[in-house]
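Thanks for asking me to look this one over. My notes are below as numbered points, best read with the structure open beside you.

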Amino acid sequence: ANSGWSIVVIYSSPETKGRQLYIYDTLRYLNHGQKVTFNVENFLAPQDVLTDPQAVRLTCFVGEGDDYVGDNIRVNDYYLSDTVNPWNNVWNSRSNVSATASSDGIDLDTYAAGNGVIRPGDIRAEVSLGTGSDVWNLVYIILSFRSEKSAAGLLGLTLDTG
């Protein structure tokens, strides 16, 4: 049996730029060689996604991260990765958002998805998660856009429960 939980705090402030949030909140089990793909829609990507790495961010909570290779996450056919999580082993029990980078069985990671992954004027993105030899559980994904559809300090929120 598997279990896990987290708290997601969403806030707004007059000092921050407007955001649109897409929360994919469906527990998905992926076995060897499987892939799940879904679309994020109804946003308007601003011009600054080309130059501001914080304009588009994707946060994932995945259970059962370990050192088996082959897990990946793609947005619009671009692999997301960083120095902690290589493109072919993103669910490796190493979090890029925590002061303690290693946490057995848990991956909580945030990736920048600007700089060509999401382009100015885009209204839709395709997210794809795959696995090679590993087995893991997708708990949730939060895709956060600085959006021209929302005013400063305001949020737009879409919740997808599968």
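1. A good place to start is Asn 72, which stands opposite Gly 130 in E8. That pair belongs to the pairing of strand E5 (residues 72–75) with E8, which is antiparallel and runs over four bridges. Please keep in mind throughout that this is a predicted model.

2. Now step back to the sheet. Four strands make an open sheet, ordered E3-E8-E5-E6, with antiparallel pairing. E3 and strand E6 (78–79) are the edge strands; each has a single partner strand, so one side of each has no neighbour in the sheet. Between E3 and E8, also antiparallel, there are seven bridges, and here Asn 39 stands opposite Glu 126 in E8.

3. Strand E3 (residues 35–41) is worth following side chain by side chain. In a regular strand, side chains alternate between the two faces of the sheet. In E3, Val 36, Phe 38 and Val 40 point to one face and are buried. Lys 35, Thr 37, Asn 39 and Glu 41 point to the other face and are not buried.

4. Which charged side chains pair up? The structure holds two salt bridges. One joins Arg 124 to Glu 41, with the closest N and O atoms 3.8 Å apart. Arg 124 sits in strand E8 and Glu 41 in strand E3, so this pair ties together parts that are 83 residues apart in sequence. Both ends are partly exposed: Arg 124 has a relative accessible area of 40%, and Glu 41 has 39%.

5. The other salt bridge is between the side chains of Asp 77 and Arg 74, at 3.3 Å from N to O. Its two ends sit in contrasting surroundings. Asp 77 counts as exposed because its relative accessibility is 54%, and the cut-off is over 50%. Arg 74 counts as buried because its value is 16%, which falls under the 20% limit.

6. Thr 131 deserves a closer look. You will find Thr 131 in the loop between strand E8 (124–130) and strand E9 (136–146). Is this loop residue buried or exposed? With 7% relative accessibility, Thr 131 counts as buried. Leaving aside neighbours within four places in sequence, its contacts include Leu 30, Asn 31, His 32, Gly 33 and Gln 34, as well as Gly 70, Asp 71 and Trp 136. Gly 70 is 61 residues from Thr 131 in sequence, yet their C-alpha atoms are 5.2 Å apart.

7. The side chain of Thr 131 also has polar partners. It reaches the backbone oxygen of Asp 134 at 2.8 Å, and it makes a polar contact with the side chain of Trp 136 at 3.4 Å.

8. Over on the surface, Trp 5, Ile 7, Val 9 and Tyr 11 make a nonpolar patch of about 590 Å². Ile 7 lies in the segment before strand E1 (19–24), and at 66% relative accessibility Ile 7 counts as exposed.

9. Finally, some figures for the protein chain as a whole. There are 10 strands and zero helices. Of the 162 residues, 45% are buried. Among contacts between residues at least 6 apart in sequence, 77% join residues at least 24 apart. The chain exposes about 8500 Å², and carbon and sulfur atoms supply 51% of that area.

Technical notes. Residues numbered from 1 in each chain as written. Predicted model: local features only at pLDDT ≥ 70, side-chain atom pairs only at ≥ 80, totals over all residues. Heavy atoms only, no water. Helix = DSSP H or I, 4+ residues; strand = E, 2+ residues; numbered from the N terminus. Buried < 20%, exposed > 50% of the residue type's maximum accessible area, 1.4 Å probe, protein only. Contact = heavy atoms within 4.5 Å. Polar contact = N/O pair within 3.5 Å; in protein donor to acceptor, adjacent residues only side chain to side chain. Patch = residues over 30% accessible without salt bridge, like charges linked within 9 Å, V, L, I, M, F, W, Y side chains within 5 Å. Areas by Shrake-Rupley, 256 points an atom, 1.4 Å probe, with all protein chains shown as cover. Salt bridge = Lys/Arg side-chain N within 4 Å of Asp/Glu carboxyl O. Pairing = 2+ DSSP bridges.
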